[in-house]
Every structure is written in structure tokens, then in C-alpha cells.
Amino acid sequence: MADLDLEGFWKEALVQLRTDLGEEAFGGWFSDLKYIRAVFDEATGKGSIVIGAPSTFIRDKLKTRYQKEINSRIKEKTGKDITVEYEITGKTAKKEAVQPQSPSKNEEHAVAEPAETHKTKKKRDKHSQMRDDFVFDRFVIGENNSFAANAAIAISKNPGKAYNPFLIFGGVGLGKTHLMQAIGNYIYDNSENEIIYTTSENFLNEYVQAIQDGKMNLFKNKFRNTNVLLIDDIQFFQNRDRVQEELFHTFNALLDAKKQLVFTCDRPPSELKKLDERLRSRFDQCLKVDLQPPRYEERCAILRATAESRNAQIPNEVIDLVSKNISSNVRDLISALNTLIAYTELMGKPITQEIAQQRLKSIFYAPRQENLSMDKITRVVADYFSLTPNDLKGKKKTQNIVFPRQLAMYIGREMTDYSTTELGQEFGGRDHTTVIHSIEKIKEKMLTDPTLESTIDIIRQNIKEFSAKY
Ligand code: ADP
Ligand code: MG
């Protein structure tokens, strides 16, 4: 390696390219690029500059349309054989929302024309039901979620008109709640509209309470007169017949009045088998968008953006390490990052790759493993508590068995692709709601019992070792 100032050359090349290409092209394709790093090998005289592009769309455009110009300017500046490579840094949805630049017009899922945003004179107090960090500004758009995010942005600018009703579905931790609340927060900040955010459990609880208190009118008034209704995790309405009926009427009343409805669900609505047919077909007629797990590039972009928003310095090789090891969902990715940020804050120094590896050992060692059978998990958990697998699969409800059984279900859900129904079958033909309940119990216990997390870490490690051997 030598001290060839490739960053400096890149900047000079940019200045030149601006003149070559003109303001319009330059502004559309080059203005959001970021220098990331460069390597140069003196021995071979070859090197590369790595540039961060905000989206794969822009990267592809640069490669197909402008690569020749870029290469020739770099060659001219450096006199060496330097290639330019790209990494996707991601752009946040807000950026896209406020500047639908010319390139995005060509994109397959272009953002709808922005409506006049009606700025309120006085900023309202924080909305009591929504998180203020679940905003577009903090939502990284990649190929896995660009359709969903662009639809959400369009809705925010034109509630009740753009896409109504709207339904976001996808697995755990992929950003459904974030995106839904981003819509809510945007409308809340830019209009006088009333917005209700609720989970399906909350909706159900309020409904039951209203019946008990003889205040159904108040309940109806509240939900049927809002401008925007956001209901999170509608899969929990399954098997709740009476509240489904109420929801059906709320749905129709709001839609008739052209009020915006947004729902999230952990699966496509057609798979909500325990939902009344009329309601299911209502959900099925929504504009449905799904969120896919982020790919490597998107995971890096999310980590970079999140670190930046917290003013934390996380070196590239650590971002790479985390992105390579955690692939299932964004929640796990961010919780790993939080561990690292806490470390840097406490120690007052940047994290190294070795320390990151050490700190995140337990997370890295618990990835979903293909071919990991529930039998192995049950066996290891039973062993740990000096029980037999049959104890865990059997009917006994003594505390010494109930807790390990719940834990085995929790770990099974985490480390395998078994559905809750399949897990129920593994555990003596139990119902999937029992499995869901057990998993919830463990999560609750983790909040109050700090040792549980490390118990789980140890068991995961045992499972990993056991499964490597057999
Ligand atoms: P879900 O509701 O699908 O289970 P959440 O919306 O709660 O998932 O997201 C889990 C975590 O991941 C949250 O902290 C959220 O901010 C974060 N997250 C998800 N997707 C993104 C994204 N595209 N950009 C930034 N953060 C994201
Ligand atoms: Mg959620």
C-alpha cells in the first residue's frame, strides 16, 4: 500500500465530471455519491476506489452510462490503473420523499407526485401512540423494500387518496411497524389529521372494555371518526369473532368516508385462515406490499445509517462482519449494533473487528440452521435441565417441566424454520396458540430476569456443538 491520495483524486475527478456532464446529469447521478475507501498496490500499480451509491438503481446507471467518463477522468488524474467500485450506502426514505429527482421518475416504482403538504403553523405535541424514531428519515430503502416504502411515501402525501386501504406484510423484524408508523408520523407532522395507531390486541382490549362499561358508542365514535387508522399485526384477530365483526364495520365506515386505512400482518392476508371470509376478502383487496429480508448490501446500508444517526463510529470491517453473520432480519441486526454502540460509548474508543466478534459471539452462533431438527434442540434443552425429551413432549404441567418446555419452543422458533403449528406438533400435538403463548412467556421473563439471556446463550452453544457432532 502507498499513500497515493485516491480520495483527493476522486474529488478532483468529480469536479471535472461536473463540467463534462453538466449540472443536470451531475446532480441527478453524482451528487449523492460518497467516497468510502481506496486501496492501491504499489507492486502491481493497480488499485481501486470504493464509492458509496445511494441505491442499486443509481449504481447501475453509473456503470452502464457513465463508467467510461469516470474511468478516463480517474486515469487522467492518477496516471494509474485504478478501478471504481460501488457499495450501496442506501438513502433514507425521507430523502426520496422530499426530492423525487429526475432519476426516480424512470424507476419502476416511482414515487407519486407530491401533493401540496399542508404545514401546520404550530408543531403538535408528540403523538402518544407512535415512536418518534419510526420515521421515513430513518428507514433505509433497498431493493427488498422499495416498492413498499414508495407506496408508503405516496400515501403519506395523499392520505385516503393514493392507495387505500394499504396492507404491509412480512416476517418478524423486517420493518412493518416502522413503515406503518412512518406514514402516521408524516401525516401527523404535516397536517391536522387525526391519527390512531393501535395494535390488534389493543383494539380488542378496548372493544372488550367498551362492552363491559356499556360504552360501545364511544368506541364506535372514536374509531369511525378518525382520519387515519393504523392497525398493527392483524393476524391476532384470528379466532376473535365478535371483534372481527366490529372491525368489519369500522373498516367499511372509514373506507366510505375516504379515510386512510393501513394494516400490517405477518403473512399474506389470504393465509389468515381463522378470519371471517368477509373480513379476509376486505384485507385481500387492499394494496398489498411485502417486505423481504434485506440482502448483504442493504444490511450494510442499514447498519451505516443507524450508526450515523447515533453518531457512532463503526469501522467498515465491523459493518461487514455483522452484515455477513446476521441475515435473518433487521431487528437482530440493529440489536447487534446496539451492543457495539454501547461498548464504544462505555469504553470511549472505537470497536475493532476482534472485539465485535467477541461481543456478538452468542448472536452469531445462533443463526437459523438448515437441517437443524427440533429433535436435537429438544434433546439438548432436556439435558440441560436434567429431563428427558419425552418430559418436554408430554402432558405434565409441573413448573420444573413447563419452563424448559417453553424455552425449547422459544429456541426452536428462533433457530429453525418450524412454524408455530409445526412446533406444536413436535411438542405432543399442542395447539399453535400454546406455542405462541409459551414464546411470549419467555420473552416476558427475559425482561425481568437478566440471567435468562445467558442461560439461553449457553443452550444455543450446546445445541450448536451437539448438532456439529451428530
Ligand atoms: P416488524 O414490525 O416487521 O416486526 P419493526 O418495524 O419493529 O419490524 O422493525 C424492527 C427494527 O428494525 C426496528 O428497530 C426498525 O427501526 C428497524 N428497521 C426495519 N427495517 C428498517 C429499514 N429499512 N431501515 C432502518 N431500520 C429498519
Ligand atoms: Mg411490528
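Does Thr420 count as buried or exposed, and at what relative accessibility: what is the answer? Thr420 counts as buried, because its relative accessibility is 13%, and the cut-off for buried is under 20%. I shall return to that residue at the end. Please bear in mind throughout that this is a predicted model.

Let me begin with the chain as a whole. The chain has 470 residues, of which 47% are buried. Its secondary structure comprises 22 helices and 10 strands. Taken along the principal axes, the C-alpha atoms fill a box of roughly 75 × 60 × 40 Å. If we consider contacts between residues at least 6 apart in sequence, 74% of them join residues at least 24 apart.

I turn now to the N-terminal part of the numbering, with helix 1, residues 6-21, and helix 3, residues 56-78. Their axes come within 9 Å and cross at roughly 130°. Helix 1 and helix 3 are therefore oblique to each other, and their crossing is right-handed. On the side of helix 1, the contact is made by Leu6, Phe9, Trp10, Glu12, Ala13, Gln16, Leu17, Asp20 and Leu21. Helix 3 contributes Tyr66, Glu69, Ile70, Arg73, Ile74, Lys77 and Thr78. By class, this contact has 9 nonpolar, 2 polar and 5 charged residues.

Next, consider helices 8, 9 and 10. Helix 8 covers residues 200-212, and helix 9 covers residues 216-224. These two pack at an angle of about 145°, with their axes 8 Å apart. Here Phe203, Glu206, Tyr207, Ala210 and Ile211 of helix 8 meet Met216, Phe219, Lys222 and Phe223 of helix 9. The contact of helix 8 with helix 9 consists of 7 nonpolar and 2 charged residues, with no polar ones.

Helix 8 also meets helix 10. The two axes come within 10 Å and cross at roughly 100°, which means that helix 8 is roughly perpendicular to helix 10. Phe203, Leu204, Tyr207 and Ile211 of helix 8 touch Arg242, Val243, Glu246, Leu247 and Thr250 of helix 10. This contact divides into 6 nonpolar, 1 polar and 2 charged residues.

What span should the 16 residues of helix 10 have? At 1.5 Å a residue, the expected value is 22 Å, and the end C-alpha atoms are 23 Å apart, so the two agree. Within helix 10, the buried residues are Val243, Gln244, Glu246, Leu247, Phe248, Thr250, Phe251, Asn252 and Leu254. These buried residues pack against helix 8, helix 9, strand 8 (228-232), strand 9 (260-265) and helix 11 (277-284). After helix 10 comes Lys258, which has a positive phi, near 60°.

Let us move to a strand residue, Phe166, which lies in strand 6, residues 166-169. With a relative accessibility of 0%, Phe166 counts as buried. Leaving aside neighbours within four places in sequence, its contacts include Ala148, Ala151, Ala152, Ile155 and Ile183. Phe166 is also in contact with Gln260, Leu261, Val262 and Phe263, as well as with Cys286, Leu287 and Val289. Asp60, by comparison, is 106 residues from Phe166 in sequence and 30 Å away in space, C-alpha to C-alpha.

Finally, I return to Thr420. This residue lies in helix 20, residues 420-426. Not counting residues up to four places away in sequence, Thr420 touches Arg413, His432, Val435 and Ile436.

Notes. Residues numbered from 1 in each chain as written. Chains lettered and ligands numbered in written order. Predicted model: local features only at pLDDT ≥ 70, side-chain atom pairs only at ≥ 80, totals over all residues. Heavy atoms only, no water. Axes fitted to C-alpha atoms, helices over the stretch in contact; angles between N-to-C directions. Helix = DSSP H or I, 4+ residues; strand = E, 2+ residues; numbered from the N terminus. Parallel < 35°, antiparallel > 145°, perpendicular 65-115°, else oblique. Left-handed = near helix turned anticlockwise from the far one by under 90°. Contact = heavy atoms within 4.5 Å. Nonpolar A, V, L, I, M, F, W, Y, C, P; charged D, E, K, R; others polar. Expected span 1.5 Å × (residues − 1). Buried < 20%, exposed > 50% of the residue type's maximum accessible area, 1.4 Å probe, protein only.
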